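Please read these points with the sequence and the model side by side, taking each one slowly and finding every residue before moving on.

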Amino acid sequence: MAAIGFAALALPGLAAQPTTIDLSGETVGAEPKSFVPVVGFWRIEQDDGKKVLVVDGRQWKEGQSSAGIADKARALYGERYAEFLDRVQAYAYYPYVVAPDIQDFTDGEITVRFQGLSGRIDQGAGILFNLKPNGDYLTIRANCLEDNLVLWKVEKGKRSSVKWVRNTPTATHEWHDLKVRISGTKVEAYLDGKLYLEHTLAQPVSGRIGLWSKADSHMYFSDYTVTSTN
């Protein structure tokens, strides 16, 4: 299962082994157990005989965190959960989930498949990384409505763009592959196998990881895979 697979990432000699979060044991219609929903409505659905993770922005309301957020925050950050919780509840605009079994991702690759289903404001699919106990994070996001790829940062609840790349074809109702490659301070982002974005951060990446979306986006996610090289 997922917890066993991610534990293997810390063992000597297995650091470069890719591990995919397994959704096969999840319950259709329920919140995921292999991810921790922090903001928004996330559940497991079936798509063409395969279980997928869904963010349903059709139920989205600005400022609404996920159910049971206090217990989830405590599970992720222990005694520092209150700091994390305050930041999340104050700026709960962007739905996201956290992979609970990886506490500190610094170098390697994170990949996911996604499909945009609907959303008038947005159809955003992102890989979240560098999530800190105070709620700050980075995300690489593709958008089926805008055909662009953006590296965003969220600091003290405020989002700002780090780098934009336009003209990245991302059709709705089609599956796409999104990949982030991290090496120290260097970030690379790939869409459908093509390198579109490169950026050098001021500081190395170190933090939790997950998936990200925005506002009324209704999206499928599948095959979330982590290859840690640290």
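**Notes on the fold, the salt bridges and the largest pocket**

1. The chain contains 3 helices and 15 strands. Please keep in mind throughout that this is a predicted model, and that every value below was computed from it.

2. Of the 230 residues that make up the chain, 51% count as buried. When contacts between residues at least 6 apart in sequence are considered, 63% of them join residues that are at least 24 apart.

3. A general idea helps with the next points: side chains of opposite charge can pair when their charged atoms come close. A search of the whole structure for such salt bridges finds 13, and a few of them are described here.

4. The salt bridge between K179 and E109 has its closest N and O atoms 4.0 Å apart. This pair links distant parts of the chain, since K179 belongs to strand β11 (residues 175-183) and E109 to strand β6 (residues 108-118), with their positions 70 residues apart in sequence. E109 counts as partly exposed because its relative accessibility is 21%, and buried would require a value under 20%.

5. K186 and E188 form another salt bridge, in which the closest N and O atoms are 3.3 Å apart. Are these two partners buried or partly exposed? K186 has a relative accessible area of 37% and is therefore partly exposed, whereas E188, at 10% relative accessibility, counts as buried.

6. The two pairs just described also belong to a wider arrangement, for E109, K179, R181, K186, E188 and E198 are linked in a network of salt bridges. It is worth locating each of these six residues in the model and following the network from one to the next.

7. A further salt bridge is formed where the side chains of K214 and D122 meet, at 3.4 Å from N to O. K214 lies in the loop between β14 (208-212) and β15 (218-228), while D122 lies in the loop between β6 and β7 (124-131), so the pair ties together parts that are 92 residues apart in sequence. Both K214 and D122 are buried.

8. D122 deserves a point of its own. With a relative accessible area of 4%, D122 is classed as buried because the cut-off for that class is under 20%. Which side chains does D122 join through polar contacts? One such contact, of 2.9 Å, is with the side chain of N143, and another, of 3.4 Å, is with the side chain of K214. If residues up to four places away in sequence are left aside, D122 touches N143, L145, E146, K214, A215, D216 and S217.

9. Turning to the open spaces of the model, the largest pocket has a volume of about 320 Å³. It is lined by 13 residues, of which N130, L138, K153, E155 and Q203 are the closest to its centre.

10. Which strand gives the most to the lining of the largest pocket? That strand is β9, with 3 residues, and β8 (137-143) and β9 (148-155) each supply at least two residues of the lining. By character, the lining residues of the largest pocket divide into 7 nonpolar, 2 polar and 4 charged.

Technical notes
Residues are numbered from 1 along each chain as its sequence is written. This is a predicted model: local features need pLDDT of at least 70, side-chain atom pairs count only at pLDDT 80 or more; totals for chains, interfaces and linings use all residues. Side-chain values use heavy atoms; hydrogens and water are left out. Helices (H or I, at least four residues) and strands (E, at least two) are DSSP runs, numbered from the N terminus. Buried means under 20% relative accessible area, exposed over 50%, partly exposed in between (1.4 Å probe, protein chains only). A polar contact is a pair of N or O atoms within 3.5 Å; within protein, one must be able to donate a hydrogen and the other to accept it, and residues adjacent in sequence count only if both atoms are side-chain atoms. Contact means heavy atoms within 4.5 Å. On a 1 Å grid over the protein atoms alone, a cavity is a set of points where a 1.4 Å probe fits but cannot get out, and a pocket is an open set with protein on both sides within 12 Å along at least five of seven lines; lining residues have an atom within 4 Å of a point. Grid points are joined across faces, edges and corners, and a volume is the space filled by probe spheres set on the points. Ala, Val, Leu, Ile, Met, Phe, Trp, Tyr, Cys and Pro count as nonpolar, Asp, Glu, Lys and Arg as charged, and the others, Gly among them, as polar.
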